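Okay, thanks for squeezing me in. I'll walk you through one helix and what sits around it, so let's get the thing up on screen.

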Amino acid sequence: MPKCSLCLKAQADKRNSHIIPKFMGERLFEAKPRSTQGIQIDITGKQRKIQSIPKEDFIFCSNCEKRFARIEHYFSLKLKSVHNYTNEKDNFKLHSDGSNSILECFKISQNALKLFNYSMVWRASISNHFLFEKYKLPKTYEEKLREFLNTNLFISHSNLLSNLDEIGDDTGLYSYFFKCKVRNEFSRGYFSTYQIGENAFGLFLVDLIVYTYTDKQSIPSEFKIISDIQDKNAIIVMYSVENWKKLNKESIANFNDIIVNKSIQK
Ligand SMILES: [Zn+2]
């Protein structure tokens, strides 16, 4: 049995490891009245029905799997709050500039968001699953991310929290988190992952998009406003429904393999 890809020590004994947390894909499989299937479309246009987002065997040990589960659980609760931001006015501030806005999250630290982002970016990059084959960071970044995650992920909730303020980042990466302002069937995007430019990588995760850059010069100018904000609070870019749809549509031209909800109108 191979060694765990995160700690490099224990045996990778865990089956069914998620590369992207299960809750991130839930909206692919919801349909009224019953939720059952998504549709996977490959590069040739061939479609097949699937019931959950991809899993992989024997890449992590049970311990490290629990470490991922801890940050995922923590962040899934934070995300619920983010989706509900209009009702939690004390916890968020919406900075607006026309059709798109920036959501400042008073109760979510930038480091927590970073840890969550990186946990997905790294797993997608090291995954052997074909859905992630176009999402491969250079090996030097993979190793920096592994060290970052191995240092800052904990099984215990209290250890995770007390370490958040201590996190230092020498990965050399720039990672941004986007979502649509609303969350309904019109905002449901696609599930796909690929390299969008020489130094740019995109995780399209239905309700969220994570853009990661290996080079500061490659960050599009419209993101500069975020990269200039040096805040301890998490920052999320909020797109209007119209722009969100446009972003997903433009990107679909580059998709090799995507998963869509079966009700999707193309
Ligand atoms: Zn391990």
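Start with the outward side of H1: the face turned away from its buried side carries two exposed residues, Leu 77 and Lys 80. And keep in mind that this is a predicted model.

So what is H1? It's the helix at residues 62-83, 22 residues in all. From first C-alpha to last it reaches 31 Å, close to the 32 Å you'd expect at 1.5 Å a residue.

Now flip to the other side. Which residues of H1 are buried? Cys 64, Glu 65, Arg 67, Phe 68, Ile 71, Glu 72, Phe 75, Leu 79 and Val 82. They cover an arc of only 150 degrees around the axis, which puts them on the same side of H1.

What covers them? The cover includes three strands, E1 (17-18), E6 (100-109) and E11 (233-239), plus helices H2 (110-126) and H4 (157-164).

Let's take H2 from that list. With 17 residues at 1.5 Å each, H2 should span 24 Å, and its end C-alpha atoms are indeed 24 Å apart. Of those 17 residues, 15 are buried, so H2 is largely enclosed by the rest of the structure.

Then the strands. E6 and E11 run antiparallel as a pair, with six bridges; one to click on is Cys 105, whose bridge partner in E11 is Ala 234. E11 also pairs with E7, residues 174-180, this time in the parallel sense and over three bridges. There, look for Cys 180, which stands opposite Tyr 239 in E11.

That's my tour, happy to rotate things if anyone wants.

Notes: Residues are numbered from 1 along each chain as its sequence is written. This is a predicted model: local features need pLDDT of at least 70, side-chain atom pairs count only at pLDDT 80 or more; totals for chains, interfaces and linings use all residues. Helices (H or I, at least four residues) and strands (E, at least two) are DSSP runs, numbered from the N terminus. The expected span of a helix is 1.5 Å times one less than its number of residues. A residue is buried if 20 or more other C-beta atoms lie within 10 Å of its own, exposed if 12 or fewer, and partly exposed in between; C-beta atoms are placed from the backbone. The arc is that of the directions from the helix axis to the C-beta atoms. Two residues are in contact if their C-beta atoms, placed from the backbone, lie within 7 Å. Two strands pair if DSSP finds at least two bridges between them.
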